[in-house]
Amino acid sequence: MTLNTKRQSTTARPVPRIPRSQINVVLDVVAFAGVVVCVVIVVGSWGALPEAIPQHFGLWGRSDAWCGRWILVFLCVVAAMMDVLMSVVPRFPYQFRPLGWVTERNKARQRRIALSMLAWLKAEVVWMLALIVWTTVRVALGKGEGLGALFTPGVFAVVGTTVAVHLVLSYRAR
């Protein structure tokens, strides 16, 4: 008697590809444009920036900590990484489960909703980072005072609305 030591393939059945919607393609371009804007702002202002620039903005949008200007490069790298990582995940839609109410009947629709939410969040996060880079440069050059008191609630409102809308869509598609 011999034992079969070969592992069974977990991907025995073919995985159909979910076509990307036009809005998701547009959102990918919008997110990439946000990364480009980050880089252009940093490269364009690098020579004029002082050695110490705002590192952190408090709850009310005023800078409350300062550091070297390399933090701007870090923010651009974070924006680029978010864009890349959130672009890779949709290439493997069957590797994650969007919500608990996915069934055989509705799984394609549920995955489209999840991928839509991811595309929106990617664009929002990248442009939020671009706004932080732009504001940091303006404050460092003495042309601005900070992000403003509405930045934090605005980010919560935009991201929260995106998540809430997609959760409602997902719930209705169950």
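**Exercise 1. Determine what share of the contacts between residues at least 6 apart in sequence joins residues at least 24 apart, and describe the overall make-up of the chain.**

*Solution.* Among contacts in the protein chain between residues at least 6 apart in sequence, 71% link residues at least 24 apart. The model under study is a predicted one. Its protein chain holds 4 helices and 2 strands, and their order along the sequence is α-β-β-α-α-α. Of the 174 residues in the protein chain, 32% are buried.

**Exercise 2. Establish how the axes of helix α2 and helix α3 are arranged, and which residues meet.**

*Solution.* Begin with the axes: those of α2 (residues 70-88) and α3 (residues 107-140) come within 10 Å and cross at roughly 175°. Angles over 145 degrees count as roughly antiparallel, and α2 is therefore roughly antiparallel to α3.

Next, list the residues in contact. On the α2 side they are Leu-72, Leu-75, Val-78, Ala-79, Met-82, Asp-83, Met-86 and Ser-87. On the α3 side they are Leu-118, Leu-121, Lys-122, Val-125, Val-126, Leu-129, Ile-132, Val-133, Thr-136 and Val-137. Sorted by class, this contact comprises 14 nonpolar, 2 polar and 2 charged residues.

A general property of helices helps in reading such lists: an α-helix has 3.6 residues a turn, so residues three or four places apart point the same way.

**Exercise 3. Compare the span of helix α3 with the expected value, and identify what follows the helix.**

*Solution.* Helix α3 contains 34 residues. From its first C-alpha to its last it reaches 49 Å, close to the 50 Å expected at 1.5 Å a residue. After α3 comes Gly-142, which has a positive phi near 80°.

**Exercise 4. Identify the elements that supply the largest nonpolar core, and place Val-133 and Ile-41 in their surroundings.**

*Solution.* The largest nonpolar core has 25 residues, of which Cys-38, Leu-49, Leu-72 and Val-133 touch the most other members. At least two residues of this core come from each of α1 (22-45), β1 (52-57), α2 and α3. The greatest contribution is that of α3, with 10 residues.

Consider Val-133 in turn. Beyond its neighbours within four places in sequence, Val-133 contacts Cys-38, Ile-41, Val-42, Leu-72 and Leu-75.

One of these partners, Ile-41, belongs to helix α1. Ile-41 has a relative accessible area of 17%; the cut-off for a buried residue is under 20%, so Ile-41 is buried. Ile-41 and Val-133 are 92 residues apart along the chain, yet their C-alpha atoms are separated by 7.5 Å. With residues up to four places away in sequence left out, Ile-41 touches Ala-130, Val-133, Trp-134 and Val-137.

**Exercise 5. Decide whether Leu-147 counts as buried or exposed, and name the residues that Leu-147 touches.**

*Solution.* Locate the residue: Leu-147 sits in the loop between α3 and α4 (151-172). Then apply the accessibility criterion. The relative accessibility of Leu-147 is 19%, and the residue therefore counts as buried.

Finally, examine its contacts. Apart from residues up to four places away in sequence, Leu-147 touches Phe-57, Gly-61, Leu-131, Ile-132 and Thr-135. For one of these partners, Gly-61, the C-alpha atom is separated from that of Leu-147 by 4.4 Å, although the two residues are 86 residues apart along the chain.

Terms used: Residues are numbered from 1 along each chain as its sequence is written. This is a predicted model: local features need pLDDT of at least 70, side-chain atom pairs count only at pLDDT 80 or more; totals for chains, interfaces and linings use all residues. Side-chain values use heavy atoms; hydrogens and water are left out. Axes are lines fitted to C-alpha atoms, for helices over the stretch in contact, and angles run from 0 to 180 degrees between N-to-C directions. Angles under 35 degrees count as roughly parallel, over 145 as roughly antiparallel, 65 to 115 as roughly perpendicular and the rest as oblique. Contact means heavy atoms within 4.5 Å. Ala, Val, Leu, Ile, Met, Phe, Trp, Tyr, Cys and Pro count as nonpolar, Asp, Glu, Lys and Arg as charged, and the others, Gly among them, as polar. A nonpolar core is a set of buried Ala, Val, Leu, Ile, Met, Phe, Trp, Tyr and Cys residues joined through side-chain atoms within 4.5 Å. Buried means under 20% relative accessible area, exposed over 50%, partly exposed in between (1.4 Å probe, protein chains only). The expected span of a helix is 1.5 Å times one less than its number of residues.
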